[in-house]
Amino acid sequence: MADEYQYVSKSKLKLKNDSDTKKKHKKKDKKKEKEKVFRAVLEDPGKGEDRHQQQQQQQQGQGQTSAAPGRVLTKAEESFKKMQEKMQNKRIVEKAQMTHKQRVELFNMHLDSLTEHFDIPKVSWTK
């Protein structure tokens, strides 16, 4: 029986495209990005969009676009991205206005206002 597995390869499987020098990608810190956007919105709420447009123009001038290279975004795609970013900025500002403690208190007030129908039933395995 041991002879059947004598010629089995015990090393890892090497693929043709698998190279020893793999690029390590750093994960972007979303919290830091949100803080930057929040600070920019708090400093100049009206200028936040102007800054974003300037950044986009700089990226296009350098040849760096969020889409694939050589691809131009349509008007609908551009407006969709603008609205997405605008809504994200709005959400960030709304979340930053309340502390965690205030949100918990608001949630508890909401739960108190609900009827008993929505209460979680007590589960007991001993009865």
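Helices here are DSSP runs of H or I with at least four residues, numbered from the N terminus. With that in hand, let me start. This is a predicted model.

First, the overall picture. The chain has four helices and zero strands. From the N terminus on, the order reads α-α-α-α. There are 127 residues in the chain, and buried ones make up 3% of them. The accessible surface comes to about 13,500 Å². Carbon and sulfur atoms own 54% of that surface.

Now helix H1. H1 covers residues 30–43. It has 14 residues. From first C-alpha to last, H1 reaches 20 Å, close to the 20 Å expected at 1.5 Å a residue. How many of the 14 residues of H1 are buried? The count is one, and H1 is hardly covered.

Let me walk through some residues of H1. Phe 38 lies in this helix. Is Phe 38 buried or exposed? Neither, by the cut-offs. Phe 38 has 22% relative accessibility, and buried means under 20%, so Phe 38 counts as partly exposed. Phe 38 also has a partner far along the sequence. Phe 38 and Ala 96 are 58 residues apart in sequence, yet their C-alpha atoms are 8.1 Å apart in space.

Lys 34 is in H1 too. Its relative accessible area is 42%, which means partly exposed. Lys 34 and Ile 92 are 58 residues apart in sequence. C-alpha to C-alpha, that pair is 7.0 Å apart in space. Ala 96 and Ile 92 both fall within the 75–97 range of helix H3.

Next, salt bridges. Side chains of opposite charge can pair when their charged atoms come close. How many salt bridges does the count give? Two.

Take the one in H1. The side chains of Arg 39 and Glu 35 meet in a salt bridge, at 3.8 Å from N to O. The cut-off is 4 Å, so 3.8 Å for Arg 39 and Glu 35 qualifies. Both residues lie in helix H1, four residues apart, and that is about one turn of the helix. Their exposure differs in class. Arg 39 has 51% relative accessibility, and the line for exposed is over 50%, so Arg 39 counts as exposed. Glu 35 has a relative accessible area of 41%, so Glu 35 is partly exposed.

The other bridge joins Glu 77 and Arg 71 through their side chains. Here the N to O distance is 2.6 Å. Glu 77 sits at 26% relative accessibility, so Glu 77 counts as partly exposed. Arg 71 is partly exposed as well, with a relative accessible area of 43%.

On to the surface patches. Which residues gather in the patch of positive charge? Lys 30, Lys 34, Arg 91, Lys 95 and Arg 103. Helices H1 and H3 each supply at least two residues of this patch. Lys 34, from H1, we have met already. Arg 91 is found in H3. Arg 91 has a relative accessible area of 46%, so Arg 91 is partly exposed. Why can Arg 91 join a patch at 46%? Patches take residues with over 30% relative accessible area and no salt bridge, so Arg 91 clears the area cut-off.

There is also a nonpolar surface patch. Met 98, Leu 106 and Met 109 make it, and the patch is about 300 Å². Leu 106 has its place in helix H4, residues 100–113. Leu 106 has 49% relative accessibility, so Leu 106 counts as partly exposed.

To close, a quick recap. Four helices and zero strands. Buried residues at 3% of the chain. Two salt bridges. A positive patch with residues from H1 and H3. And a nonpolar patch made by Met 98, Leu 106 and Met 109.

Definitions and conventions: Residues numbered from 1 in each chain as written. Predicted model: local features only at pLDDT ≥ 70, side-chain atom pairs only at ≥ 80, totals over all residues. Heavy atoms only, no water. Patch = residues over 30% accessible without salt bridge, like charges linked within 9 Å, V, L, I, M, F, W, Y side chains within 5 Å. Areas by Shrake-Rupley, 256 points an atom, 1.4 Å probe, with all protein chains shown as cover. Lys, Arg positive; Asp, Glu negative; His and termini not counted. Charge placed at Lys NZ, Arg CZ, Asp CG, Glu CD. Buried < 20%, exposed > 50% of the residue type's maximum accessible area, 1.4 Å probe, protein only. Expected span 1.5 Å × (residues − 1).
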